[in-house]
Amino acid sequence: MQNIYLGRQPIFDRDLEVYAYELLFRAGETNAAGEIDGDQATSRVIANTFIELGLDEIVGPRRAFLNLTRDFLVSDWPLNFPRDRVVLEILEDIEPDDEVLAAVGRLRQEGFLIALDDFLFHERLRPLVELADLIKIDLMALEDGQLEEHVAALRGYPARLLAEKIETRDEFEQCKALGFDYFQGYFLSRPNIIQGREIPPNGLATVRLLARLQDPEVGAAELETLIGQDVGLSYKLLRYINSAFFALPKTVESIRQAVIYLGNQAIKTWATLLVFAGVEDRPHELMTTAMLRARMCQLLAERTGQPHADTYFTVGLFSALEALLEAPLESVLEALPLSEDVRRALLERQGPYGAALDCVLAYERAEWAQVRCGKLPPAEITETYLEAARWADEVTRALAVGGN
């Protein structure tokens, strides 16, 4: 796993309440961006905000200001951000040509707030000013008297004014007297560094695939397409299904046949197992442990008459995700479409799913006083463990054959 960093500088209103945070690329703990291309910096800020750390974790209920380069503005890359939470900043070096103005107009129509960053007024920027919701005036770039000129020139437009790079109390008081709406700068608060740990790239791909496989809305046709897009997974799944473990009467030659023959849920389950088995550089024993937990949870549910035994299987399997992906379980689960009951079982050991998992983990650790599940006698719990262990060993061997 790699450390990830994000700069966050507050933007205050006239009552010195935090209105929003500007999110900034940071290369490390030194509070500096380092040498990096603008597009890369924007990409990393977006990824760290919405994928790795989470918008709510970073800004809470407030807005986030995100810098956009020209390429992000004019490309077809979808900006699937919450419109009521994000302000898009147009960088000062972007020329307001027809393509840029059309893109900004489109984003406003989609409901985004538009801010002009490090603004210095020029006549050529007037079309952007007419589209802007906020204008950030860079105090450090202005000479004496120019601040008042800028404020006077912009008063005829509906955009709110934000004074940035405020370094002293005098500058703050001057901007407040001139009627600025928002304030940002080292005098008020320096950017602080938010640090986290990212799921490695192969882990992200795994989580995305697991998310689709666990989505109850994914039907047979989409399931076939989803698996078919991953050549390696398709190959392994077909070899596995045609192995001696299943002993099918005839050869299954396509993913469509496999779905028809085994059904959606069974294919999702076996594909999920193969995804787990395909995570690189993970100990073989970890995969066996995950499958043993999954099967034992399922068997405990069946023996105690609980519904949705397949969900118990998922809970047991996913209890190994943290070790498998070397990432905090809570972060991984945020990307998966799991029910609240399943989340509570995995994170807090709550509910019937959590009780079954607690029993399995207690048996795994030989904490015999905690090994209990409903009214099952200890001997029957032992039977479920032994049956699950045999099954996990058989599946591991079959997966090894099917994956070669």
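## Charged residues in a predicted model

R349 is partly exposed, at a relative accessibility of 30%. The model in which this residue is seen is a predicted one. The partner of R349 is D358, and the two residues form a salt bridge in which the closest N and O atoms are 3.9 Å apart. That separation falls inside the cut-off of 4 Å, so the pair counts as a salt bridge. D358 is likewise partly exposed, as its relative accessible area is 33%. Elsewhere, salt bridges with shared partners join E22, E89, D117, K136 and E164 into one network.

One member of that network, E89, can be followed further. E89 belongs to strand β4, which covers residues 86-90. Its relative accessibility is 0%, so E89 counts as buried. Apart from neighbours within four places in sequence, E89 has contacts with E22, F65, L66, N67, L68, A115, D117 and K136. Three of these contact residues, E22, D117 and K136, are also named in the salt-bridge network.

The whole chain gives the setting for these details. The protein has 19 helices and 9 strands. It is 404 residues long, and 49% of those residues count as buried. For contacts between residues at least 6 apart in sequence, 63% join residues that are at least 24 apart. The exposed area of the protein is about 19,600 Å², of which carbon and sulfur atoms supply 48%.

Salt bridges number 24 in total. Two further examples show what such pairs connect. In one, E110 is paired with R83, and the closest N and O atoms are 3.5 Å apart. E110 sits in the loop between α4 (98-109) and β5, whereas R83 sits in the loop between α3 (70-74) and β4, so the salt bridge ties together parts of the chain that are 27 residues apart in sequence. Both ends are partly exposed: the relative accessibility is 36% for E110 and 31% for R83.

The other example joins E95 to R124, with 3.4 Å between the closest N and O atoms. Here too distant parts of the chain are linked, since E95 is in the loop between β4 and α4 and R124 is in the loop between β5 and α5 (126-131), with their positions 29 residues apart in the numbering. E95 is partly exposed, with a relative accessible area of 45%. R124 is also partly exposed, with a value of 42%.

Some acidic residues form a surface patch instead. E57, E330, E334, E340 and E348 make up a negative patch. Two elements each give two or more residues to this patch, namely α16 (329-334) and α17 (340-348). E57 comes from another part of the chain, helix α2, which spans residues 55-59. The relative accessible area of E57 is 63%, so this residue is exposed.

Another glutamate, E17, lies in the loop that connects β1 (2-13) and β2 (18-25). E17 is partly exposed, since its relative accessible area is 49%, and values have to be over 50% for a residue to count as exposed. Beyond its neighbours within four places in sequence, E17 is in contact with I11 and F12. E17 and Y182 lie 165 residues apart in sequence, while their C-alpha atoms are 9.7 Å apart in space.

Two residues remain to be noted for their backbone angles. D118 is not a glycine, yet its phi is positive, near 45°. This residue is part of strand β5, residues 113-119. D118 is buried because its relative accessible area is 17%, and the limit for buried residues is under 20%. H308, again a residue other than glycine, has a positive phi of about 60°. H308 is placed in the loop between α13 (284-303) and α14 (309-318), and its relative accessibility of 51% makes it count as exposed. The pair thus puts a positive phi at a buried strand residue, D118, and at an exposed loop residue, H308.

Notes: Residues numbered from 1 in each chain as written. Predicted model: local features only at pLDDT ≥ 70, side-chain atom pairs only at ≥ 80, totals over all residues. Heavy atoms only, no water. Patch = residues over 30% accessible without salt bridge, like charges linked within 9 Å, V, L, I, M, F, W, Y side chains within 5 Å. Areas by Shrake-Rupley, 256 points an atom, 1.4 Å probe, with all protein chains shown as cover. Salt bridge = Lys/Arg side-chain N within 4 Å of Asp/Glu carboxyl O. Lys, Arg positive; Asp, Glu negative; His and termini not counted. Charge placed at Lys NZ, Arg CZ, Asp CG, Glu CD. Helix = DSSP H or I, 4+ residues; strand = E, 2+ residues; numbered from the N terminus. Buried < 20%, exposed > 50% of the residue type's maximum accessible area, 1.4 Å probe, protein only. Contact = heavy atoms within 4.5 Å.
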